[in-house]
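Here's a short tour of a protein model for you to follow along with. Keep the picture open while you read.

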Amino acid sequence: MKIILFVSIVCLVSLVSSYDGLKVLNDIIVSMDRGLNFLNSQIGSLNLDSIIGTRIVEDQLRIAHENHPKSEYLVEILQKIEKLQRDASLISNKSIPYLKLQEPNYYWKMKDIIAPGSWLINKRHDDLLLVKKTQFVIGREEMDGSFSDYCISNLFRKNSNCRISKSCNKVMTSPFFNQYSLTHQVFFWLIFERAGCFLYDSSVFINYFTQHSCSRVFLEAREFEKEGYPKDGRDLFMEQTAICGLRGFRRNFCNANWLKEILKWQKSSGCWGESSSNKRDEKGLKGGCLAHQTAVALAALSQHLRFNLVQF
Ligand SMILES: *[C@@H]1O[C@H](CO)[C@@H](O)[C@H](O)[C@H]1NC(C)=O
């Protein structure tokens with residue numbers, strides 16, 4: 001009798017927790033669906049940075065549903081994820097002709113990072129390093145957005161052979177940055193690796209550098225949480241989750257509290273949009289919506305989705 005009771009309690013507990021897990025997955029899916037619908041209604045006004053976000057969503061969701069074991073009670077969830085992936089793909093595809101017309105130079109420089117498959121990044125989990133607060137207090141926010149674009153586009157130049165100019169190398173390995181400049185360093189090295197530039201002798205250093213960077217990013221994110229998630233830091237916070245999640249730190253960045261916050265910030269029209277003083281290239285839309293921020297939120301949610309899916 002005791003054993004039967006024990007077994008049923010264990011079953012009940014695991015049933016309840018898998019029910020909770022399914023609910024979390026469903027909440028993320030519903031939110032992403034609304035966000036993608038919003039972007040779909042804005043096709044002609046999405047800028048290139050937004051399309052980077054929708055491509056990240058497309059490729060990350062592809063990994064999520066193609067690699068996941070097809071267990072019985074996930075069939076529906078996996079179908080929904082596949083649909084989100086197709087929606088994200090279509091939004092990017094439909095936006096590209098507009099981008100070519102509206103931002104031709106920027107488009108030609110950056111087209112390789114908005115091609116389908118550019119973000120099929122599936123990095124294994126790594127542990128964060130213990131870094132001291134003092135190591136980032138001295139950080140500065142001073143990488144110019146166009147400089148980071150310049151370094152990225154150089155990677156895709158014909159015959160560049162993955163050579164990085166001295167100035168790019170100096171900036172991309174500087175230990176003195178924080179906030180957007182810091183996440184952009186990690187972003188750059190992820191692209192470097194995707195461009196096929198992961199040579200053995202550099203890979204050890206780059207792995208360590210981005211691990212160290214994301215450890216500092218994590219401290220910044222925790223500070224932001226302690227401050228009560230002020231509006232002007234939300235864009236950066238979601239970018240931090242998106243980028244360090246891609247780098248493989250989902251276990252740290254995709255916690256339940258942070259997920260709840262991101263879901264809470266979504267507006268009734270499905271978009272996100274809290275302006276931040278120092279964000280470049282943000283294009284305001286109707287109803288206080290920001291296109292780039294919505295795309296960043298979706299990219300962050302794609303990491304939360306991947307994290308919660310592997311719990312099954
Ligand atoms: C988007 O375009 C690519 C080719 O560039 C194609 O392979 C893909 O199927 C398209 N996505 C959708 C959903 O039609």
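Look for Y229 in the loop that links α9 (200-226) to α10 (234-246). Bear in mind that this is a predicted model. Y229 isn't a glycine, yet its phi is positive, near 50°. C162 does a similar thing: its phi is about 65°, and it isn't a glycine either. You'll find C162 in the loop between α6 (145-155) and α7 (166-172). How buried or exposed are these two? Here are their neighbour counts.

| Residue | Other C-beta atoms within 10 Å | Status |
|---|---|---|
| C162 | 13 atoms | partly exposed |
| Y229 | 17 atoms | partly exposed |

Now over to helix α3, which covers residues 75-102. With 28 residues at 1.5 Å each, α3 should span 40 Å, and its end C-alpha atoms are 41 Å apart, so the two figures agree. There's still a bend of about 35° at I96, with a proline, P97, following within four residues. Some of α3 is tucked away: its buried residues include I77, I81, L84 and L99, along with polar or charged ones such as Q85 and D87.

What surrounds the ligand? That would be R86, S89, L90, N93 and P116. This shell is a mix of two nonpolar residues, two polar ones and one charged one.

Finally, the largest nonpolar core has 71 residues, and F188, A242 and A299 are among those touching the most other members. Helix α13 (residues 291-309) is the top contributor to this core, giving eleven residues. Leaving aside residues up to four places away in sequence, A299 touches G53, I56, V57 and A242.

Key
Residues are numbered from 1 along each chain as its sequence is written. This is a predicted model: local features need pLDDT of at least 70, side-chain atom pairs count only at pLDDT 80 or more; totals for chains, interfaces and linings use all residues. A residue is near a molecule or strand if its C-beta atom, placed from the backbone, lies within 6 Å of it. Helices (H or I, at least four residues) and strands (E, at least two) are DSSP runs, numbered from the N terminus. The expected span of a helix is 1.5 Å times one less than its number of residues. The bend at a residue is the angle between axes fitted to the seven residues ending there and the seven starting there. A residue is buried if 20 or more other C-beta atoms lie within 10 Å of its own, exposed if 12 or fewer, and partly exposed in between; C-beta atoms are placed from the backbone. A nonpolar core is a set of buried Ala, Val, Leu, Ile, Met, Phe, Trp, Tyr and Cys residues joined through C-beta atoms within 7 Å. Two residues are in contact if their C-beta atoms, placed from the backbone, lie within 7 Å.
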